[in-house]
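Have a look at the model below and get your bearings in it. Then we can walk through it together, starting from a single residue and working outwards.

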Amino acid sequence: MSILLDDLSADPKFASLQHPKAKRGSGDRLKTERIAVIGLGYVGLPLATHLAYQYDHVVGFDISNHRVSELASGFDRTGEISDDFLIASKLRLSTSTADLK
C-alpha cells in the first residue's frame with residue numbers, strides 16, 4: 001500500500017504538515033530537513049509517520065525497546081496507525097540518542 005503526499009495534504013487533519021516551501025502536488029520531498037520526533041505514543045507516532053512521507057530524514061525515537069521492536073515489525077498497539085501505513089512509511093525508528101544528532 002502506498003500513500004501519496006497529495007493524499008495526506010488533502011486530509012484536513014494533516015494539511016498543517018505541508019511545508020510552506022514545498023510545492024503542493026509536486027511529489028518532491030524536501031531532502032535537507034532533519035526531523036526527530038521524541039516519543040512514539042498515540043501523538044508522536046502519527047506525527048512521525050506522516051512527516052516521514054514528506055521528508056527524507058525523519059527519526060522516531062522512543063526509550064522503549066519493546067515499543068520500537070513492535071513498530072519495526074509493523075504493529076502499532078495504540079491503533080493510531082494502520083499496519084499497512086506503518087510498513088509503507090520510511091520512518092527510521094530508534095532507541096539510541098545518537099540517532100538524534
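**Starting from L45**

Pick out L45 and see what surrounds it: beyond its neighbours up to four places away in sequence, L45 touches G39, L40, R67, L71, D76, I81, L86 and L91. Keep in mind that this is a predicted model.

Is L45 buried or exposed? Its relative accessibility is 0%, so L45 counts as buried, the cut-off being under 20%. For a feel of how the chain folds back on itself, try T78: L45 and T78 sit 33 residues apart in sequence, yet their C-alpha atoms are 9.4 Å apart in space.

Now zoom out a little. L45 is part of helix 2, which runs over residues 44–54. How much of that helix is buried? The count is 10 of its 11 residues, so helix 2 is largely enclosed by the rest of the structure. The buried ones are G44, L45, P46, A48, T49, H50, L51, A52, Y53 and Q54.

That brings us to the largest nonpolar core, which has 15 residues. In soluble globular proteins, nonpolar side chains tend to be buried together. Which members of this core touch the most others? They are I35, L45, L51, V58 and L91, so our starting residue is on that list. Several elements chip in here: strand 1 (30–38), helix 2, strand 2 (55–61) and helix 4 (83–88) each supply at least two residues of the core. Helix 2 gives the most, with 5 residues.

Terms used: Residues numbered from 1 in each chain as written. Predicted model: local features only at pLDDT ≥ 70, side-chain atom pairs only at ≥ 80, totals over all residues. Heavy atoms only, no water. Buried < 20%, exposed > 50% of the residue type's maximum accessible area, 1.4 Å probe, protein only. Helix = DSSP H or I, 4+ residues; strand = E, 2+ residues; numbered from the N terminus. Core = buried A, V, L, I, M, F, W, Y, C linked by side-chain atoms within 4.5 Å. Contact = heavy atoms within 4.5 Å.
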